[in-house]
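Work through the exercises below with the sequence and the structure at hand. Try each task before reading its solution.

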Amino acid sequence: MPMNLPEGAPATLGEAFARINACTAPSVLDLKIMVLVEAAGQTLYDVSAEGTDHPEVKRLLIENGVEEMKHAHRMSAAIKALSGEDFAPPARADNPYLQGEFPRATLTPEGLRGTAQAEFGGEALYGKWAESTDNEEVAALFRLNGQEETEHGDRLMQAAALLEA
């Protein structure tokens with residue numbers, strides 16, 4: 001059974017991405033939204049991996065997805081450090097942003113490069129968040145997620161090149 005969205009959270013994944021991308025100093029609510037978004041990222045990468053027969057592209061996408069769930073767990077740790085509250089990442093079936101069917105799209109180099117640009121932007125986002133807090137433990141979690149967002153982008157660029165080869 002899906003968990004309830006936190007009070008004040010956007011209703012859809014698209015709206016959640018928009019809120020997060022506009023945020024420069026996250027509140028605990030923003031961090032809860034990020035837990036859900038990052039947890040959803042694993043599923044989005046897994047679904048994308050199903051869209052290719054290329055084993056290396058599939059591996060790169062799945063690796064990104066595994067790290068997205070690690071990001072969700074780090075944001076849960078940030079919530080705990082800032083508020084004392086437990087807010088665990090939900091499983092796919094319980095994530096309110098993952099209800100319904102996912103359209104199956106053909107993976108293209110252009111699409112992968114576009115997603116890579118969004119991932120590269122994640123490092124800047126998490127960097128702003130790190131600068132916005134006085135809590136060094138939380139800032140370190142933000143910075144680590146940001147570094148891995150760039151690695152996600154690099155993997156996507158590699159996957160795009162593999163599809164073009």
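**Exercise 1. Contacts of W129**

Task: Leaving aside neighbours within four places in sequence, find which residues W129 is in contact with.

Solution. The model is a predicted one.
Step 1. Set aside the residues within four places of W129 in sequence; the contacts that remain are I20, C23, T24, A25, P26, L31, M34, M75 and F142.
Step 2. Check the accessibility. W129 has 0% relative accessibility and therefore counts as buried, since the cut-off for buried is under 20%.
Step 3. Place W129 in a core. The largest nonpolar core has 29 residues, and W129 is among those that touch the most other members, along with L31, I33, M34, M75, Y97 and F142.
Step 4. Ask where the core residues come from. Each of α1 (13-22), α2 (28-49), α3, α4 and α5 supplies at least two of them. The most come from α2, which gives eight residues.
Step 5. Look for another core. There is a second, separate one of eleven residues, including Y45, L60, L61 and L112.
As background, nonpolar side chains in soluble globular proteins tend to be buried together.

**Exercise 2. An aromatic pair**

Task: Decide whether the rings of Y126 and W129 are stacked or edge-to-face.

Solution.
Step 1. Locate the residues. Y126 and W129 both belong to helix α4 (residues 109-131), and they are three residues apart, about one turn of the helix.
Step 2. Test the distance and count the pairs. Ring centres must lie within 6.5 Å, and by this rule there are three aromatic pairs.
Step 3. Classify the pair. The ring centres of Y126 and W129 are 5.5 Å apart and the planes stand at 80°, so the pair is edge-to-face; the cut-off for this class is over 60 degrees.
Step 4. Widen the view. Y126 and W129 form one aromatic cluster with F142.
Step 5. Check Y126 itself. Its relative accessible area is 1%, so Y126 is buried.

**Exercise 3. A histidine in α3**

Task: State whether H71 is buried or exposed, and find which side chain makes a polar contact with the side chain of H71.

Solution.
Step 1. H71 is part of helix α3 (residues 55-83).
Step 2. With 0% relative accessibility, H71 counts as buried.
Step 3. The polar contact is with the side chain of E38, at 3.5 Å.
Step 4. Not counting residues up to four places away in sequence, H71 touches E38, Y126, N145, E148, E149 and H152. Y126 also appeared in the aromatic cluster of Exercise 2.

**Exercise 4. Salt bridges**

Task: How many salt bridges does the structure hold, and which parts of the chain does the pair of R155 and E67 tie together?

Solution.
Step 1. The count is eleven salt bridges.
Step 2. Take R155 and E67. Their closest N and O atoms are 3.2 Å apart. R155 is in helix α5 and E67 in helix α3, so the bridge ties together parts 88 residues apart in sequence.
Step 3. Check burial. R155 is buried, with a relative accessible area of 10%, and E67 counts as buried at 10% relative accessibility.
Step 4. Take R113 and E164, whose closest N and O atoms are 3.2 Å apart. This pair links distant parts of the chain, with R113 in helix α4 and E164 in helix α5, 51 residues apart. R113 counts as partly exposed at 26% relative accessibility, and E164 is partly exposed with a relative accessible area of 47%.
Step 5. Look for shared partners. Through them, salt bridges join E56, R59, E63, E67 and R155 into one network.
Step 6. Take D86 and K80, whose side chains meet in a salt bridge (3.2 Å, N to O). D86 is exposed, with a relative accessible area of 61%, whereas K80 counts as partly exposed at 40% relative accessibility.

**Exercise 5. Helix α5**

Task: Compare the expected span of α5 with the distance between its end C-alpha atoms, and find which residue caps its N-terminal end.

Solution.
Step 1. At 1.5 Å a residue, the 29 residues of α5 should span 42 Å, because the expected span uses one less than the number of residues.
Step 2. The end C-alpha atoms are 43 Å apart, which agrees.
Step 3. The cap is N135: one of its side-chain oxygens lies 3.0 Å from the backbone nitrogen of E137.
Step 4. V138 lies in this helix, which covers residues 136-164. V138 counts as buried, at 0% relative accessibility. Apart from residues up to four places away in sequence, V138 touches A78, A81, L82 and T133.

Methods: Residues numbered from 1 in each chain as written. Predicted model: local features only at pLDDT ≥ 70, side-chain atom pairs only at ≥ 80, totals over all residues. Heavy atoms only, no water. Helix = DSSP H or I, 4+ residues; strand = E, 2+ residues; numbered from the N terminus. Buried < 20%, exposed > 50% of the residue type's maximum accessible area, 1.4 Å probe, protein only. Contact = heavy atoms within 4.5 Å. Polar contact = N/O pair within 3.5 Å; in protein donor to acceptor, adjacent residues only side chain to side chain. Phe/Tyr/Trp six-rings, centres within 6.5 Å; stacked < 30°, edge-to-face > 60°. Salt bridge = Lys/Arg side-chain N within 4 Å of Asp/Glu carboxyl O. Core = buried A, V, L, I, M, F, W, Y, C linked by side-chain atoms within 4.5 Å.
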